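Subject: Structure for you to look at

Hello,

Here is the structure we spoke about, with my notes underneath. Please read them with the model open.

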Amino acid sequence: MTRTRWLTLLLLASLGVNLFIGGLAIGRWVDHGWDAEERFERPPPPDGPGPRWLRRMVGEEGMDTVREVWQRHEGVIDPLRRDADAARTAVTDALSAEPFVREEYEEALGRMRAAMDRMEVAVHAAITDVVTSMTDEQRHAFAERARAWADKHCGPPPPPKE
């Protein structure tokens, strides 16, 4: 191979590596914004039951309440979570079936949506019990953390309707 051909191959390889690294950086920015490091510096939520976001929002001081409430509700939530997981698996199975049958996929999606709705109703009941047991000060702090999270993650509000 000639020197020019080697140089061309080296430059193309370098371009490929640069495009790959640039794509990773752009993907990270699209997913998390440039301040993604800030997100990973937060301490993990306290260990325990309940959704990760709820444990993070109540902090260590609210975990006794979360544990107590989740213990009361887990008999209802756990079977509904298993049903939702099974429904999600059925959607994946219908999606990968050969031959693909649109109606079966749509039915699986409908069953998953119904299972997720039932689970969310049960989880919301537990969260309502957690929030109800908070002092006014704790509840206001919880609301402020929820508002800050929403402001950071939900994007700009929709334009006003005319």
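In which helix is the place of Leu-9? Leu-9 sits in helix H1, which covers residues 3–32. Before going further, please note that this is a predicted model.

Surface patch

Leu-9 has a relative accessible area of 41%, so the residue is classed as partly exposed. Together with Met-1, Trp-6, Leu-12, Leu-15 and Leu-19, Leu-9 makes a nonpolar patch on the surface. The area of this patch is about 690 Å².

Aromatic pair

There is one aromatic pair in the structure. The pair consists of Phe-100 and Tyr-105, with ring centres 5.6 Å apart and ring planes at 55°, so it is tilted. An angle over 60 degrees would have counted as edge-to-face. Both residues of the pair are partly exposed: Phe-100 has a relative accessible area of 43%, and Tyr-105 has 22% relative accessibility. For Tyr-105 the cut-off matters, because buried means under 20%.

Salt bridges

How many salt bridges does the structure hold? The count is eight, and I describe some of them here.

Asp-129 and Arg-72 form one of these, with 3.5 Å between the closest N and O atoms. Asp-129 belongs to helix H4 (residues 102–132) and Arg-72 to helix H3 (residues 52–96), so this salt bridge ties together parts that lie 57 residues apart in sequence. Asp-129 is partly exposed, at 28% relative accessibility.

Another salt bridge lies within helix H4, between Arg-102 and Glu-106. The closest N and O atoms of Arg-102 and Glu-106 are 2.9 Å apart. The two residues are four positions apart in the helix, about one turn. Arg-102 counts as exposed at 54% relative accessibility, whereas Glu-106 counts as partly exposed at 40%.

In helix H5 (residues 136–153), Asp-136 and Arg-139 are three residues apart, which is about one helical turn. Their side chains meet in a salt bridge with an N to O distance of 3.0 Å. Arg-139 is partly exposed, with a relative accessible area of 33%, and Asp-136 is exposed, with 52% relative accessibility. Elsewhere, Glu-68, Arg-72 and Asp-129 are joined into one network by salt bridges that share partners.

Arg-55

Is Arg-55 buried or exposed? Arg-55, located in helix H3, has 12% relative accessibility and so counts as buried. The cut-off behind this is that buried means under 20% relative accessible area. A polar atom of the Arg-55 side chain lies 3.2 Å from the backbone oxygen of Gly-50. Leaving aside residues up to four places away in sequence, Arg-55 touches Pro-45, Pro-46, Asp-47, Gly-48, Pro-49, Gly-50 and Met-63. Gly-50 therefore appears both in that list of contacts and as the owner of the backbone oxygen 3.2 Å from the Arg-55 side chain.

Regards

Note on methods. Residues are numbered from 1 along each chain as its sequence is written. This is a predicted model: local features need pLDDT of at least 70, side-chain atom pairs count only at pLDDT 80 or more; totals for chains, interfaces and linings use all residues. Side-chain values use heavy atoms; hydrogens and water are left out. Patches are made of residues with over 30% relative accessible area and no salt bridge: like charges are joined within 9 Å, nonpolar side chains (Val, Leu, Ile, Met, Phe, Trp, Tyr) within 5 Å. Accessible areas come from the Shrake-Rupley method with a 1.4 Å probe; for residues, only the protein chains shown count as cover. A salt bridge is a side-chain nitrogen of Lys or Arg within 4 Å of a carboxyl oxygen of Asp or Glu. Buried means under 20% relative accessible area, exposed over 50%, partly exposed in between (1.4 Å probe, protein chains only). Rings of Phe, Tyr and Trp (its six-membered ring) pair if their centres lie within 6.5 Å; planes under 30 degrees apart count as stacked, over 60 as edge-to-face and the rest as tilted. A polar contact is a pair of N or O atoms within 3.5 Å; within protein, one must be able to donate a hydrogen and the other to accept it, and residues adjacent in sequence count only if both atoms are side-chain atoms. Contact means heavy atoms within 4.5 Å.
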